[in-house]
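Please open the model in your viewer and keep the sequence panel beside it. The tour below moves from one selection to the next and says what is to be found at each stop.

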Amino acid sequence: MTIRHVVTWKLASTDAAERAEQAAAVKAKLEALVGVVPEIERLEVGVNVLPGNFDLVLISDFADLDAVARYQVHPAHEAVAAYIRSVVDGRSAVDFEV
């Protein structure tokens with residue numbers, strides 16, 4: 001059973017240049033987790049291109065729920081999550097079997 005972990009974020013900043021910089025930083029930091037966090041089987045990050053939507057999406061796959069749990073407490077993931085929490089205003093997530 002593969003678990004697909006999907007997270008979306010809304011950035012807090014109202015300044016367009018700052019939002020673009022933060023979105024690029026979040027994308028780079030998340031993508032850098034591949035190869036560092038062994039539980040990640042697949043990871044994709046998208047930056048929104050249309051106004052009014054959430055700003056970023058993470059789509060990642062894990063072998064099972066235990067792998068998701070290990071990913072969430074991995075020190076590298078926790079460091080990225082701390083940065084993300086510092087720049088976002090909203091978050092939603094869905095985890096489902098694929």
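Which residues does Phe96 touch, not counting residues up to four places away in sequence? Select Phe96 and display its surroundings: with that exclusion, Phe96 touches Thr2, Ile3, Arg4 and Val6, where a contact means heavy atoms within 4.5 Å.

Before going further, note that this is a predicted model, in which local features need pLDDT of at least 70 and side-chain atom pairs count only at pLDDT 80 or more, whereas totals for chains, interfaces and linings use all residues. Residues are numbered from 1 along each chain as its sequence is written, and side-chain values use heavy atoms, with hydrogens and water left out.

**Stop 1: around Phe96**

Stay on Phe96, which is found in strand E4; helices (H or I, at least four residues) and strands (E, at least two) are DSSP runs, numbered from the N terminus. With a relative accessibility of 37%, Phe96 counts as partly exposed, given that buried means under 20% relative accessible area, exposed over 50%, and partly exposed in between (1.4 Å probe, protein chains only).

Add Val94 and Val98 to the selection, and you have the nonpolar surface patch of about 270 Å² that these two residues make with Phe96. Patches are made of residues with over 30% relative accessible area and no salt bridge, like charges being joined within 9 Å and nonpolar side chains (Val, Leu, Ile, Met, Phe, Trp, Tyr) within 5 Å. The accessible areas come from the Shrake-Rupley method with a 1.4 Å probe, and for residues only the protein chains shown count as cover. For a sense of distance, draw a line from Phe96 to Val36: their C-alpha atoms are separated by 23 Å, and the two residues lie 60 residues apart along the chain.

**Stop 2: the strands**

Now select strand E1 (residues 3–11) and strand E4 (residues 88–97), which pair in the antiparallel sense over nine bridges; two strands count as paired if DSSP finds at least two bridges between them. Within this pairing, Trp9 stands opposite Arg91 in E4. Next add E3, with which strand E1 pairs in the antiparallel sense over seven bridges, and look for His5, which stands opposite Ser60 in E3.

**Stop 3: the salt bridges**

Show the charged side chains next, taking a salt bridge to be a side-chain nitrogen of Lys or Arg within 4 Å of a carboxyl oxygen of Asp or Glu. By this rule the count comes to six salt bridges.

Begin with Arg42, whose side chain meets that of Glu44 in a salt bridge at 3.0 Å, N to O, and that of Asp61 in another at 3.9 Å, N to O. Because Arg42 lies in strand E2 and Asp61 in strand E3 (residues 56–62), the latter pair ties together parts that are 19 residues apart in sequence. Asp61 is buried at 7% relative accessibility, while Arg42 is partly exposed at 32% and Glu44 is partly exposed at 43%. Include Arg4 in the selection as well, and you see a network of salt bridges that links Arg4, Arg42, Glu44 and Asp61.

Then move to Glu39, which forms a salt bridge with Arg70, the closest N and O atoms being 3.0 Å apart. This pair links distant parts of the chain, with Glu39 in the loop between helix H1 (16–31) and strand E2 (42–47) and Arg70 in helix H2 (residues 65–73), 31 residues apart. Glu39 counts as buried at 15% relative accessibility, and Arg70 as partly exposed at 43%.

**Stop 4: Ala67**

From Glu39, step to Ala67 in helix H2, which touches Glu39 and Phe62 when residues up to four places away in sequence are not counted. Ala67 is buried, at 2% relative accessibility. Its C-alpha atom lies 19 Å from that of Val45, a residue 22 positions apart from Ala67 in sequence.

**Last stop: the whole chain**

Finally, clear the selection and view the protein in full, with its three helices and four strands, which follow the pattern β-α-β-β-α-α-β along the sequence. Of the 98 residues, 35% count as buried, and the accessible surface comes to about 5,600 Å², of which 56% belongs to carbon and sulfur atoms. Among contacts with a separation of 6 or more, 71% are accounted for by residues 24 or more positions apart.
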